[in-house]
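Open the model in your viewer and keep the selection tool at hand. We will go from stop to stop, and at each one you will hear what to select and what is there.

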Amino acid sequence: MAEVLVYVDHVDGAVRKPTLELLTLARRIGEPVAVALGNGAADTAAALAEHGAVKVLTHDASEYAEYLVVPKVDALQAAYDAVSPAAVLVPSSAEGKEIAARLALRIGSGIITDAVDLEAGDEGPVATQSVFAASFTTKSRVIKGTPVITVKPNSAAVEAAPAAGAVETLAVTFSDQATGTKVTARTPRESTGRPELTEAAIVVSGGRGVNGAENFSIIEALADSLGAAVGASRAAVDAGWYPHTNQVGQTGKSVSPQLYIANGISGAIQHRAGMQTSKTIVAVNKDAEAPIFELVDYGVVGDLFDVVPQLTEEIKARKG
């Protein structure tokens, strides 16, 4: 069976969930070979092997932390040259998409970004995408070179599938461009204790109907009762009620959780583009004619200030 390269997103050896999802998808089309780079790369092997990696290629060098993107592209190209894979899978983060695009250009291959599913085809992997503000679903395949595909978080379940996970050190020669852009400072993101928005299984969002920054505590309370991430519509962010880093929509982040709860959000196309691929959508809005009700699985017509606190208390009561 052909090998499939999987770029590993990790933090000091702790593998992030989107990478484990990629391993699930990679097993559909071949044997996953993981590529882990930077500090703690060797520590990823156990988790990767547990989820199906037959081989783990690792390399650590200061360049990965000191410079932007290009050293990682150099390493992924070295892995590509060593393995000759059937496909290359990369998490669909901002950095991941840049790495994938640069690699595809170097190896003369086509690229598919933001896939939400992947399956084996007679002529190569077939990727499913949600396009045109989530108005259409397409199936595509790369017809030139080795497919390079970025996959959105929450596109597949994390499945344990123990494999050999043999660790090998990857030989990497950095290009002249690798040191072109230096990282001069890093500021740790303030932790809220909640899941990362794009990776969360449940997202609770608030919009214009929240009517003020002080009222987002209602949204946060519901999110915390569910172990969810907090999102916000563009209207709420533009009004200064919630940080831009939490904006869901065409000009914010795209999410695809198992459950999305929209509170006081009208459902403009800009917002729908960022959450329409959610598996189950629930909306609370006092306007029965709000566009959001056109795409929900469950809708509650009511004042969020009445509905949301009751929902939060009911969830807490059921949890005991």
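Is Phe 174 buried or partly exposed? Select Phe 174 and show its surface: this residue is partly exposed, with a relative accessible area of 23%. Please keep in mind along the way that this is a predicted model.

**Stop 1: the aromatic pairs**

A search of the whole structure finds two aromatic pairs. For one of them, add Tyr 64 to your selection of Phe 174: the ring centres lie 5.6 Å apart and the planes stand at 75°, so this pair is edge-to-face. Now colour the surroundings. Tyr 64 sits in helix α3 (residues 63-66), while Phe 174 belongs to the loop between β11 (166-169) and β12 (202-206), so the pair ties together parts that are 110 residues apart in sequence. Unlike its partly exposed partner, Tyr 64 is buried, with a relative accessible area of 6%.

Next, select Phe 216 and Tyr 242. Their ring centres are 4.5 Å apart with the planes at 20°, and the pair is therefore stacked. This pair, too, links distant parts of the chain: Phe 216 is in helix α6 (residues 216-226) and Tyr 242 in the loop between α7 (234-238) and β14 (259-263), 26 residues apart. Both residues can be checked for exposure: Phe 216 counts as buried at 1% relative accessibility, and Tyr 242 is buried at 13%.

**Stop 2: the open sheet**

Switch to a cartoon view and follow the strands in the order β9-β8-β7-β10-β6-β1-β4-β5-β11; these nine form an open sheet with mixed pairing. Why do β9 (136-140) and β11 each have one side without a neighbour in the sheet? They stand at the edges with a single partner strand each, so one side of each is left free of a neighbour there. From one strand to the next, the twist averages 35°.

Zoom in on β1 (residues 3-7) and β6 (residues 87-91), which pair in the parallel sense over three bridges. Here you can find Val 4 opposite Ala 87 in β6.

Now bring in the helices. Helix α1 (residues 17-29) packs on the sheet, where it touches β1, β4 (31-37), β6, β7 (111-119) and β10 (148-151), and its direction makes about 170° with that of β1. Select helix α4 (residues 70-83) as well: this helix lies across β1, β4, β5 (55-59) and β6, and runs at about 170° to β1.

**Stop 3: Pro 85**

Pro 85 is in the loop between α4 and β6. The residue is buried, with a relative accessible area of 6%. Setting aside neighbours within four places in sequence, show its contacts: Glu 3, Val 4, Leu 5, Tyr 80 and Thr 146. For a sense of scale, draw a distance from Pro 85 to Thr 312; the C-alpha atoms are 48 Å apart, with these positions 227 residues apart in sequence.

**Stop 4: the annotated stretch**

Select residues 4-183, where an unreviewed UniProt entry places the feature "domain: Electron transfer flavoprotein alpha/beta-subunit N-terminal". Over residues 4-183 the chain is 28% helix and 29% strand, and the end C-alpha atoms are 31 Å apart.

**Stop 5: Ser 205**

Finish at Ser 205 in strand β12. Ser 205 is buried, with a relative accessible area of 0%. Which side chain joins that of Ser 205 in a polar contact of 2.8 Å? Select Tyr 260 to see this partner. Beyond four places in sequence, the residues that Ser 205 touches include Ile 219, Val 248, Ile 261 and Asn 263.

Methods: Residues numbered from 1 in each chain as written. Predicted model: local features only at pLDDT ≥ 70, side-chain atom pairs only at ≥ 80, totals over all residues. Heavy atoms only, no water. Phe/Tyr/Trp six-rings, centres within 6.5 Å; stacked < 30°, edge-to-face > 60°. Helix = DSSP H or I, 4+ residues; strand = E, 2+ residues; numbered from the N terminus. Buried < 20%, exposed > 50% of the residue type's maximum accessible area, 1.4 Å probe, protein only. Pairing = 2+ DSSP bridges. Axes fitted to C-alpha atoms, helices over the stretch in contact; angles between N-to-C directions. Contact = heavy atoms within 4.5 Å. UniProt positions renumbered as here; feature names shortened; annotations may be inferred. Polar contact = N/O pair within 3.5 Å; in protein donor to acceptor, adjacent residues only side chain to side chain.
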